[in-house]
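Student: Could you walk me through this one, beginning with the ligand and what is around it?

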Amino acid sequence: MQVSGKTVVVGIFGDPVAHSLSPRMQNAAIQASGLDAVYVPFHVTAAQLCDAVKSIRAMSIRGVNLTIPHKEASCDLVDELDASAQMIGAINTIVNDNGRLKGYNTDSLGLLKALKQELGCDVAGKRVLLLGAGGACRAALVALCQAKVAWVGIANRTRNRSQQLIEEFSAKFSGTAFAEYELGSSLLSSCYEPVDLLVNTTSVGLKGEDFGFLVVDCLKPGGAVFDMVYTPEPTMLLNQARKRGLATADGLGMLAAQGEAAFALWFGQSPEPLVMRRALNLSDEI
Ligand code: ATR
């Protein structure tokens, strides 16, 4: 990679950021496309976020991804929000057009694409149970509702968060039915009609832990489990699901898909097919 005065700079702001897989897959895609660009990880703390976003303009950075803990706070720092990002209330991508910053959330698209690619799952008309009620859940909710799921259940440890989400989203998406549960062992008895798809949007599993009860029992035979957590692989949740013969996928496919969408926003062209997936050691079979 030759860096010159003309090289276009994109990157990621996060704290921590050293663990991020995005530089690996974005730089692989940049090279495969023959672009004169580079993707740089920037360690930006919450206290520095405002200055860091201003520096995008000052240093003519073409755009950035945002990761923990910046996805929500960044919404107030850009000039404009894409409609879906506004509904989600969180952004993972900023595009700088001549000093005007627009925020997008490519996690939503990424989830739908990964469900299709990894699980062959088209969510239209399906019953989907979401675990969690944070920012990742909001991105999933917007994606699923826009893709016309029939029913969404939200199970969260802190129940008033899931209740608030249902209130907000049922007012916006009249074509989808909603239900709310406590994320605990009582979930299985209250969720009496089995679901087609379970999506974990919580951070449970990141440290190798499980939910403490068999979440996968609320799935139909032939159902599928998608875990946004991708390390350690496989998560306890996916292990449980595999033991029951259910189809499973972790969040790596979603990571690649959200990255492909961000690349297209910055460079006005799609990355070469499969390059980001290969950089994450994902299979070519989609
Ligand atoms: P993100 O933006 O990544 O979604 P978040 O807004 O902090 O992050 O949300 C984290 C989600 O993981 C929440 O739904 C949280 O549940 P609470 O609302 O009860 O905090 C969930 N979560 C985190 N640790 C959990 C745990 N040990 N058990 C169950 N849920 C957990």
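**Around the ligand**

Tutor: Keeping in mind that this is a predicted model, the residues around the ligand are Gly 132, Ala 133, Gly 134, Gly 135, Ala 136, Asn 156, Arg 157, Thr 158, Arg 161, Thr 202, Ser 203 and Val 204. By class, this shell divides into 3 nonpolar, 7 polar and 2 charged residues.

Student: OK, and which polar side-chain atom lies 2.7 Å from an oxygen atom of the ligand?

Tutor: That atom belongs to Asn 156. An N or O atom in the side chain of Arg 157 is 2.9 Å from an oxygen atom of the ligand, and for Gly 135 it is a backbone N or O atom that lies 3.1 Å from a ligand oxygen.

Student: How much of the ligand's accessible area does the protein cover?

Tutor: On its own the ligand has 640 Å² of accessible area, and the protein covers 66% of that.

Student: And where does the ligand sit?

Tutor: The ligand sits in the largest pocket, which has a volume of about 1400 Å³.

Student: What lines the largest pocket?

Tutor: Its lining consists of 46 residues, and those nearest the centre of the pocket are Ile 68, Ala 136, Thr 201, Thr 202 and Ser 203. Of these, Ala 136, Thr 202 and Ser 203 also appear among the residues around the ligand. Sorted by class, the lining has 20 nonpolar, 19 polar and 7 charged residues.

Student: Which helices and strands each supply at least two residues of that lining?

Tutor: The strand β3 (63–66) does, and so do the helices α5 (135–146) and α9 (252–267).

Student: Switching topic, what kind of peptide bond joins Ile 68 and Pro 69?

Tutor: Ile 68, one of the lining residues nearest the pocket centre, is joined to Pro 69 by a cis peptide bond with omega about 0 degrees. Pro 69 is found in the loop between β3 and β4 (80–81). Another cis bond runs from Thr 231 to Pro 232, with omega near 0 degrees, and Pro 232 lies in the loop between β11 (219–227) and α8 (236–243).

Student: Why point those out?

Tutor: Because most peptide bonds are trans, and most residues other than glycine have a negative phi. On the second point, Lys 148 has a positive phi, near 65 degrees, and this residue lies in the loop between α5 and β8 (151–156).

Methods:
Residues numbered from 1 in each chain as written. Predicted model: local features only at pLDDT ≥ 70, side-chain atom pairs only at ≥ 80, totals over all residues. Heavy atoms only, no water. Near = heavy atom within 4 Å. Polar contact = N/O pair within 3.5 Å; in protein donor to acceptor, adjacent residues only side chain to side chain. Areas by Shrake-Rupley, 256 points an atom, 1.4 Å probe, with all protein chains shown as cover. 1 Å grid on protein atoms, 1.4 Å probe; cavity = no way out; pocket = protein on both sides within 12 Å on 5 of 7 lines; lining within 4 Å. Sits in = over half its atoms within 2 Å of the grid points. Nonpolar A, V, L, I, M, F, W, Y, C, P; charged D, E, K, R; others polar. Points joined across faces, edges and corners; volume = space filled by probe spheres on them. Helix = DSSP H or I, 4+ residues; strand = E, 2+ residues; numbered from the N terminus.
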